[in-house]
Amino acid sequence: MAKTFTEKVYEVTRKIPKGSTLTYKEVARKAGNPKAVRAVGTILSKNFNPEIPCHRVIRSDGKMGGYNRGGIDVKMKILKSEQNG
DNA sequence: TAGTTGACCGGAA
DNA sequence: ATTCCGGCCAACT
């Protein structure tokens, strides 16, 4: 199979259940490179695919990194909307 | 091909 | 708690 790290990152991010959030480190870990957290940020930042809930990926501090589809403000609102209702 | 950049992480001051 | 530094990886120039 030998899927590229980028492909795995997209799949993992796409498989994140609603109402749940994963850290960049977790995504990188599931993708196969727990040390490529920087790359995950770079990859997701270039990702403009609505099928990928990149807003469910946050920093290990519990804070957020960024969002290419609206901004931190929208990202926060989406997470709250999915968690609470 | 080499160098720089970035939605990061962990440790130290 | 905040700020600064080194390390790692993929994408971009």
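**Close-up 1. Buried and exposed residues of helix 4.** In this predicted model, helix 4 buries Lys 75, Leu 79 and Glu 82. Buried means under 20% relative accessible area, exposed means over 50%, and partly exposed lies in between (1.4 Å probe, protein chains only). Helices (H or I, at least four residues) and strands (E, at least two) are DSSP runs, numbered from the N terminus. Why do the buried residues sit on the same side of helix 4? They cover an arc of only 70° around the axis, which puts them on the same side. The arc is that of the directions from the helix axis to the C-beta atoms. An α-helix has 3.6 residues a turn, so residues three or four places apart point the same way. Lys 77 and Lys 80 are exposed on the other side of helix 4.

Residues are numbered from 1 along each chain as its sequence is written, while chains are lettered from A and ligands numbered from 1 in the order in which they are written. In this predicted model, local features need pLDDT of at least 70 and side-chain atom pairs count only at pLDDT 80 or more, whereas totals for chains, interfaces and linings use all residues; side-chain values use heavy atoms, with hydrogens and water left out.

**Close-up 2. Length and packing of helix 4.** Helix 4 runs over residues 72-83. Its 12 residues should span 16 Å at 1.5 Å a residue, and its end C-alpha atoms are 16 Å apart, which agrees. The expected span is 1.5 Å times one less than the number of residues. What do the buried residues of helix 4 pack against? They pack against helix 2 and strand 2. Just after helix 4, Gly 85 takes a positive phi of about 150°.

**Close-up 3. Glu 82 and Lys 18.** Glu 82 is found in helix 4. At 19% relative accessibility, Glu 82 counts as buried. The side chains of Glu 82 and His 55 are joined by a polar contact of 3.3 Å. A polar contact is a pair of N or O atoms within 3.5 Å; within protein, one must be able to donate a hydrogen and the other to accept it, and residues adjacent in sequence count only if both atoms are side-chain atoms. Lys 18 lies in the loop between helix 1 and strand 1 (22-23). Is Lys 18 buried or exposed? At 62% relative accessibility, Lys 18 counts as exposed. Leaving aside neighbours within four places in sequence, Lys 18 is in contact with Arg 56 and Glu 82. Contact means heavy atoms within 4.5 Å. With the same kind of neighbours left aside, Glu 82 is in contact with Lys 18, Gly 19, His 55 and Arg 56.

**Close-up 4. The buried side of helix 1.** Helix 1 covers residues 5-14. Its buried residues are Phe 5, Val 9, Tyr 10, Val 12 and Thr 13. They cover an arc of only 165° around the axis, which puts them on the same side of helix 1. They pack against helix 2 (24-31), helix 3 (37-46) and strand 2 (57-58).

**Close-up 5. The surface near DNA strand C.** Which residues are around DNA strand C? They are Phe 5, Thr 6, Asn 33, Lys 35, Ala 36, Arg 38, Ala 39, Thr 42 and Lys 46. A residue is near a strand if one of its heavy atoms lies within 4 Å of it. Sugar and phosphate make up 65% of the atoms of DNA strand C that come within 4 Å of the protein. Helix 3 gives the largest share of this surface, four residues. A polar side-chain atom of Arg 38 lies 2.9 Å from a base oxygen of DNA strand C. For Ala 39, a backbone N or O atom lies 3.2 Å from a base oxygen of this strand.

**Close-up 6. The surface near DNA strand B.** Of the 17 residues around DNA strand B, Lys 25, Arg 38, Leu 44, Ser 45 and Ser 60 come nearest. Sugar and phosphate make up 40% of the atoms of DNA strand B that come within 4 Å of the protein. Which helix gives the most to this surface? Helix 3 does, with seven residues. A polar side-chain atom of Thr 42 lies 2.6 Å from a base nitrogen of DNA strand B. A backbone N or O atom of Leu 44 lies 2.4 Å from a base nitrogen of this strand. In the side chain of Asn 68, an N or O atom is 2.8 Å from a base nitrogen of DNA strand B.
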